[in-house]
Amino acid sequence: MSVFPAGTAPVKAEFLISIDPIAVPDDDAAEGSGGGGQSSRNGRDDPDANDGGGRNKRKRNKEEKKARQGQNKNRRFGKVRDEQDICFKIAAGTLCEFGAECKYNHDLQTYLAAKPPDLGMPTVDELLSASSGSEETKNVPNSQPARCPIFEEFGECKYGFKCRYLSAHIQKALSEDGTESPSLVVDEAKKAHAAISAKEVNYVGADTQKLLRTKKYVFPVTDAYLRELQEADKREQEIEMERKRLKEAERERREAEDSTVVTAEPEQKQDTLTEDKTVNLHTEIAADGLHPDVDTPDVPMRFAEKNRLDWRGKTYLAPLTTVGNLPFRRLCVSYGADITCGEMGLATSFLSGSKEEWSLVRRHPSERTFGVQIAGNKANTLVPTAEVLAKECGSQGGIDFVDVNCGCPIDLVFKTGSGSALLDAPAKLGKALIGMNKALGSIPVTIKLRTGVKDGRNTAEKLMTRAVGGGGESGWGIACITLHGRTRQQRYTKLADWEYIRQCVDAVRAREADEDLPPVPIFGNGDCFSSHDYHSAVDQYHVDGVMIGRGALIKPWIFTEIKERREWDINSRERLEGVKKLAEFGLSHFGSDTSGINTTRRYLCEALSFQYRYVPIGLLEVLPARINDRAPRFRGRDELENLLASPNSADWVKISEMFLGPAPEAFVFVPKHKSNAYESQG
Ligand SMILES: Cc1cc2nc3c(=O)[nH]c(=O)nc-3n(C[C@H](O)[C@H](O)[C@H](O)COP(=O)(O)O)c2cc1C
Ligand SMILES: [Zn+2]
Ligand SMILES: [Zn+2]
């Protein structure tokens, strides 16, 4: 067995080139907490995205935009539109009611003549046989049988003549005058079937966004709850004043006593009693003033009516800003992920009707258990957001749970009191959660925590026992807790603290046993990278399951491994199948026209910027592989394995070209967690 420096992946001698590790990727920057406090939302900086936004939003966004611009400079994706554009009605193969008056181009023949050649969607076999002998694997336009992933899935391609895979669904009909006119093919049977099974859900339309933007959306549940909160606050203030008054009276009495030097035991007893009573009253209001089970007017809700989350032994794909987009989640589901969660959305942006934020709630029908994650700092933004979500998506069964982000380390989020800042504000968090529970009706509320804000000062245990305890059926009515075993301050280079996770789980279970409460599922999170990691966390650290973030980004097939309890030595061909799937899922979601392909390419490259980090386990001397091991330089078992392991971003673009055709010349991809070593690795 070769000798490796500690923390290096143990690659077998025959595959080893050098034990000097390659560049260390910066996961803190990827999440957004590194790199000078940049917003992690940069990846979504679509120059075309028109996310509207009211007055508040404009103000709030100033800072955010500034942070985004920094990175935009490094991101050049080339043009996202066709040279020549065409009226969308004509592109869809329909008539345009504006006829000659229409300001858009209606000349289909000219449009098609100027359009770049159609792309193919090669199978992996076709790609590999085409590449054998030549070192280049490329999508050669027109050389493959025509396939459009959208047409294949839906029996119809809504991008019509603008689709870059058009040859799969165009036919030429001969008109009476002998000229050929192109028309679009529709597979009616498939279309009817897909209408039921393949449609994405949770479209929150422009109408709703506008109502939100113009502050005309109505929030009956929120209004009633916030009033209730105000009254409770008032009562609390009154009690506080009473307490102060009594204290003052006590002080005066003592002073008088000191000067007269008379023993006054009976009196003293009486006063202490009064004080005790006040203290009791005070705690009663703090815990019960907002009775989780007392109905707010018009809001019948008992925690018993909440949908129960039976998540024991399930796999949970972590919410991942930018990279955890719908196509990626769909890929993970295809590998076996049971629970998926959308990217973090800001409560204030949902409430200002941001189109970009509302796009985050979209769900693919294959996502069996799907939640939306929101970040906010208190009841008056979190509760109304929950209320809109329940009304617009929940009523159609589009959301299975709503998760409150109590772990986001990003400065921009933390400074507003959201994300991990909530770890130090349990009273505020509790009020928000109780209100959200009311607003969401039967939809459960979950929370995702870090262990604390500062290293050495863990606070999660106290917060978790409080969340489930407190008398009655449940303190805050939380349906699941996920605990990421790191503080806000901790870098990804240091391993998650699973001992502390176990301590928290045990404390919650003890509390539940004491108070005869039903157990709340608890998921641990941090560094899970194999089937072994998953199952030993469940056995050793008492969690109900493990949430998986970077493990899924680096090897999306980890869900298959966990489900089948094996370590999968996946080969390069199988990995390329996964990349192709992701490309197709991207096209299906973002579109197969020029602009959709461009967006798909960006997200595909973002995904590949994690996947290259996978060291094939067949090359390792010791299993299981560990997430924090640095990869030495190695050679793969074939050319494709080498290509898939390349840290050079130009190679990721090259891989994207296999399925998405040539990238625009101006397309340069810089990953979010860029490290200086990337280019020199070439
Ligand atoms: C690129 C990236 C984006 C993330 N985005 C989110 C997010 O939107 N919401 C959230 O709660 N956590 C987010 N996280 C944290 C992960 O959900 C997870 O807690 C963390 O990566 C630890 O799990 P892991 O060790 O399995 O990666 C993000 C992490 C990364 C690396
Ligand atoms: Zn028109
Ligand atoms: Zn198409």
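This section describes two zinc sites, the nonpolar cores, a pair of packed helices and two buried residues in a predicted model.

In the site of the zinc ion (ligand 2), the metal is coordinated by the SG atoms of C87, C96 and C102 and by NE2 of H106, at 2.1 to 2.4 Å. The four donor atoms subtend angles of 100 to 118° around this zinc ion, and the arrangement is therefore tetrahedral, since four donors are assigned to that class if all angles lie between 85 and 135 degrees. For comparison, the ideal angle for four tetrahedral donors is 109.5 degrees. Along the chain, the donors of the zinc ion (ligand 2) follow the spacing C-x8-C-x5-C-x3-H. The pair C87 and H106 links distant parts of the chain, 19 residues apart, with C87 in the loop between α2 (55-72) and α3 (88-91) and H106 in the loop between α3 and α4 (108-114). With respect to accessibility, C87 has a relative accessible area of 2% and is buried, whereas H106, with a relative accessible area of 28%, is partly exposed.

The zinc ion (ligand 3) has as its protein donors C148 (SG), C157 (SG), C163 (SG) and H169 (NE2), which lie 2.1 to 2.4 Å from the ion. The angles among these four donor atoms are 101 to 114°, and the site of the zinc ion (ligand 3) is tetrahedral. Its donor residues are spaced C-x8-C-x5-C-x5-H in sequence, and among them C148 and C157 are both buried.

Turning to the nonpolar interior, the largest core comprises 148 residues, within which V404 and M436 are those with the most contacts. Helix α14 (residues 379-392) supplies the largest share of this core, namely seven residues. When neighbours within four places in sequence are left aside, M436 is in contact with I374, L382, V383, A386, V402, V404 and V445. Another core, of 10 residues, lies apart from the largest one and includes C87, I90, C96 and L108; of these, C87 and C96 are also donors to the zinc ion (ligand 2).

The packing of helix α18 (residues 498-515) with helix α19 (residues 531-541) occurs at an angle of about 50°, with the two axes 10 Å apart. This angle makes α18 oblique to α19. The contact is made on the α18 side by W498, E499, R502 and V505, and on the α19 side by A537, Q540 and Y541.

Two individual residues were also examined. R486 is placed in strand β10 (residues 478-487) and counts as buried because its relative accessibility is 0%, under the 20% limit applied to buried residues. Neighbours within four places in sequence being set aside, the contacts of R486 are with R450, T451, G452, R491, Y492, K494, L495, A496, G526, D527 and R550. V579, in turn, lies in helix α22 (residues 572-590) and likewise counts as buried, because its relative accessibility is 1%. Beyond its neighbours within four places in sequence, V579 is in contact with L604, L608, Q611, I655 and F659. Although V579 and F659 are 80 residues apart along the chain, their C-alpha atoms are separated by 9.0 Å.

Notes
Residues numbered from 1 in each chain as written. Chains lettered and ligands numbered in written order. Predicted model: local features only at pLDDT ≥ 70, side-chain atom pairs only at ≥ 80, totals over all residues. Heavy atoms only, no water. Donors = N, O, S within 2.8 Å, 3.2 Å for Na, K, Ca; no water. Tetrahedral: all angles 85-135°; square planar, octahedral: opposite > 155°, others 65-115°. Helix = DSSP H or I, 4+ residues; strand = E, 2+ residues; numbered from the N terminus. Buried < 20%, exposed > 50% of the residue type's maximum accessible area, 1.4 Å probe, protein only. Core = buried A, V, L, I, M, F, W, Y, C linked by side-chain atoms within 4.5 Å. Contact = heavy atoms within 4.5 Å. Axes fitted to C-alpha atoms, helices over the stretch in contact; angles between N-to-C directions. Parallel < 35°, antiparallel > 145°, perpendicular 65-115°, else oblique.
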